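Biologist: Please take a close look at the ligand site in this model, and then at the sheets. I would like one connected account for a first-year student.

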Amino acid sequence: MAQGGAADVPSLPQTRSIPFSKPLLGEEERQIVLRALEEGALGGNGPYTSVLCQTIQALFNVRHAVATTSASDALELAMMALDVRPGDEVILPSFTFVSAANAVLRQGGRPVFVDIEPESWNIDPDDIERHITPATRGIIPVHYAGLGCAMERISQLARAHRLWVVEDAAQAIGARYAGRYLVTFGDCGCYSFHITKNLTCGEGGALVTNDEALAHRAEVIAEKGTNRPTFLRGQVDRYTWVALCSSFILSDLLAALMIEQLKKLDEINGRRVALWQCYHTELADLEAQGRIVRPVKRPQAEHNGHIYAFLCADVGRRDRVLAALNARGVGATFHYVPLHSSPYARRHGLYTGDLPVTDRVSASLVRLPLYPELTAEDQTYVIESVYEVFKGA
Ligand SMILES: Cc1ncc(COP(=O)(O)O)c(C=O)c1O
């Protein structure tokens with residue numbers, strides 16, 4: 001192990017404790033949850049869920065929304081609604097959360113892991129193209145950090161090869177690309193309302209789509225394979241079993257909480273983007289010194305400040321940098337461990353070769369604390385800590 005530099009000596013006394021993330025929840029959320037409780041609005045697909053779905057549709061300009069228990073479930077729902085079958089191949093990045101891969105596998109499909117772009121850390125369209133075969137059915141682009149993937153190229157590839165596109169927008173609520181909300185490029189998109197996301201109800205998510213037939217299949221699958229949603233709209237006089245499915249619906253109590261969170265979309269995203277920009281500006285010198293590599297934002301991408309991350313130029317230093325930041329009370333952390341070379345992928349024949357950019361980004365990435373209530377003083381402390389840790393490294 002290389003010696004020298006503050007990163008090797010995490011010995012400064014810890015003066016602060018700055019968490020990595022913290023949701024912004026206030027009196028409004030408390031009030032609406034209490035009201036829903038008093039009204040007994042606990043089950044799924046109740047009045048609050050209906051308002052939540054209508055709000056999502058209006059805010060993000062989509063025709064249909066199905067509230068789910070998580071983005072993982074929304075992705076499973078998408079794979080079921082798109083009828084992924086054994087032998088079908090689905091292309092996705094290795095540098096992502098495991099949910100999309102699980103969703104494909106649970107249908108008997110085969111996730112095909114491809115590399116990411118060195119600048120955007122998003123799925124590489126050239127590598128998508130290289131991996132398309134006669135068995136390919138779809139692509140799952142993941143908008144990492146709320147920064148949109150190269151959607152023009154991906155949509156073009158999908159059209160040329162008759163593939164569907166499911167946008168994993170777990171991190172991308174409110175983010176746009178070329179003036180359009182992410183989730184509106186693909187056949188459908190999946191949001192997460194997990195506690196670490198910009199807006200949260202603890203655990204939750206949504207599948208959104210402009211495709212009416214897909215929306216109908218999704219709402220039936222989410223409701224245990226019954227046409228209960230049609231019944232709730234008064235379109236049939238009883239509901240029954242119509243398909244083989246599961247249960248993915250969100251509790252109305254959590255839907256109520258999400259309604260209040262969505263009212264804070266601009267406030268939360270605006271604050272996060274300002275903090276993101278501050279990190280970006282203040283860390284420019286460290287990049288100029290060759291110590292780190294900052295994220296590159298495509299001009300078309302209007303992000304939501306979900307993550308601020310940088311790469312350590314010296315890949316081998318990353319864990320020591322994290323340890324030194326943590327020792328200073330800065331809740332910095334790593335991110336995805338590549339899926340293509342994971343124990344599960346290797347055991348199940350999904351490892352088909354190295355993905356060099358994925359491996360390098362995964363081994364060198366550092367995420368910094370970012371949440372709406374991060375004070376200017378604490379952010380300055382984080383930035384100064386980053387400089388200190390790299391000083392002399
Ligand atoms: C890109 C991505 N997709 C899916 C998920 C899963 O989200 P959920 O926890 O809502 O299932 C996550 C969670 O971190 C994620 O980062």
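**The ligand site**

Modeller: The ligand sits in the second largest pocket. A pocket is found on a 1 Å grid over the protein atoms alone, as an open set of points with protein on both sides within 12 Å along at least five of seven lines. A molecule sits in a pocket if more than half of its atoms lie within 2 Å of the pocket's grid points. This is a predicted model, in which local features need pLDDT of at least 70 and side-chain atom pairs count only at pLDDT 80 or more, while totals for chains, interfaces and linings use all residues. Residues are numbered from 1 along each chain as its sequence is written, and side-chain values use heavy atoms, with hydrogens and water left out.

Around the ligand there are 15 residues (each with a heavy atom within 4 Å of the ligand). The closest are Ser72, Asp168, Ser192, Lys197 and Tyr336. By class, this shell holds 5 nonpolar, 8 polar and 2 charged residues. Asp, Glu, Lys and Arg count as charged; Ala, Val, Leu, Ile, Met, Phe, Trp, Tyr, Cys and Pro count as nonpolar; the others, Gly among them, are polar.

Some side chains make polar contacts, pairs of N or O atoms within 3.5 Å. Asp168 places a polar side-chain atom 2.8 Å from a nitrogen atom of the ligand. Oxygen atoms of the ligand lie 2.7 Å from a polar side-chain atom of Ser192 and 3.1 Å from one of Gln171. The protein covers 91% of the 390 Å² of accessible area (Shrake-Rupley method, 1.4 Å probe) that the ligand has on its own.

Now the sheets. Strands are DSSP runs of E with at least two residues, numbered from the N terminus, and two strands pair if DSSP finds at least two bridges between them. One open sheet has 3 strands in the order 7-6-11, paired antiparallel. Strand 7 (180-181) and strand 11 (301-302) are at the edges with a single partner strand each, so one side of each has no neighbour in the sheet. Strand 6 (residues 176-177) is joined to strand 11 by 2 bridges, and Arg176 has Glu302 as its bridge partner there.

Methods: A polar contact is a pair of N or O atoms within 3.5 Å; within protein, one must be able to donate a hydrogen and the other to accept it, and residues adjacent in sequence count only if both atoms are side-chain atoms. On a 1 Å grid over the protein atoms alone, a cavity is a set of points where a 1.4 Å probe fits but cannot get out, and a pocket is an open set with protein on both sides within 12 Å along at least five of seven lines; lining residues have an atom within 4 Å of a point. Helices (H or I, at least four residues) and strands (E, at least two) are DSSP runs, numbered from the N terminus.
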